[in-house]
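Work through the following exercises with the sequence and the model open beside you, and try each task before you read its solution.

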Amino acid sequence: MEKIVILTGAGISAESGLSTFRDEGGLWAQHRIEDVATPEGFARDPDLVQDFYNARRVQAAQVQPNAAHQALARLQSEWPSEVVIVTQNVDSLHEAGGAENVIHMHGRLDGALCAACGHRWAAPPEMAVGEPCPACAEPTARPDVVWFGEMPYHMEEIYSHLSSASVFAAIGTSGQVYPAAAFVHEAQAAGAHTIEINLEPTMGTSGFDDRLVGKATETVPQWVNRLLQQKD
Ligand code: APR
């Protein structure tokens, strides 16, 4: 049976109440990327960066997974072969919706990282600048989130999944940030059937074999139901 690889972006969490980045009024309309999502920004003004992630961490802890997150968890449990969820999101709504082994290529808001020794631990709701690392005691704690200019996590594992995918879906992502934006080409090279599920066509839509346009809470359950009916 077919292995399904899914890439999700901020759009799958939009209906849970979390801002996306590039929609009207999104996070990149409220903050400059270079100030809050780069190592240089963190070095320049660590308080501003910690405040930015503290606000998102507190908000992410208050919202609930939506029908799209839950539909993907159902697909994972009912599909006879592997269903791999790779997310660009740093919220944990896939896990809250019942998904397992989610690959967070841009890190996670609920994780902290020591910039000195690489130790990782569960982030407190609000992180303060200069917090000592529990392992090496250096005052170098940062959010365990991948910033622009840094290498996304788990890339080898992700490319291995893409090379053996039969179906690839990109859900709620504008396809403007690499390497994630090129995953569809990797999957296609492996012979996968590719589908874009989004509120509206994106710049990359023409590169997909199929598309489902609409709100994720409607289109993702539709897509999952269609797949599960096919398997019987
Ligand atoms: N249902 C489906 N899709 C939606 C919905 C919805 N309810 N609301 C918004 N979308 C779509 C938008 O049409 C858009 O294509 O979600 C996408 C959100 O795009 P972005 O805001 O660019 O978010 P994303 O693609 O996840 O950004 C990728 O960029 O800034 C970095 O690290 C950050 O992980 C992020 C990466």
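**Exercise 1: a shared partner**

The side chains of Arg44 and Asp35 form a salt bridge, with N and O 3.2 Å apart, where a salt bridge is a side-chain nitrogen of Lys or Arg within 4 Å of a carboxyl oxygen of Asp or Glu. This is a predicted model, in which local features need pLDDT of at least 70 and side-chain atom pairs count only at pLDDT 80 or more, while totals for chains, interfaces and linings use all residues. Residues are numbered from 1 along each chain as its sequence is written, and side-chain values use heavy atoms, with hydrogens and water left out.

Task: is Asp35 buried or exposed?

Solution: Begin with the cut-offs, by which buried means under 20% relative accessible area, exposed over 50%, and partly exposed in between (1.4 Å probe, protein chains only). Asp35 has a relative accessible area of 18%, so Asp35 is buried. Its partner Arg44 reaches 53% and is therefore exposed. Next, look for a further partner: Arg32 also meets Asp35 in a salt bridge, at 2.9 Å from N to O.

**Exercise 2: a separate pair**

Task: which residue forms a salt bridge with Arg108?

Solution: The residue is Asp110, and the closest N and O atoms of the two are 2.9 Å apart. Now apply the accessibility cut-offs to each residue in turn: Arg108, at 27%, is partly exposed, and Asp110, at 33%, is partly exposed. To finish, return to the shared partners, where salt bridges join Arg32, Glu34, Asp35 and Arg44 into one network.
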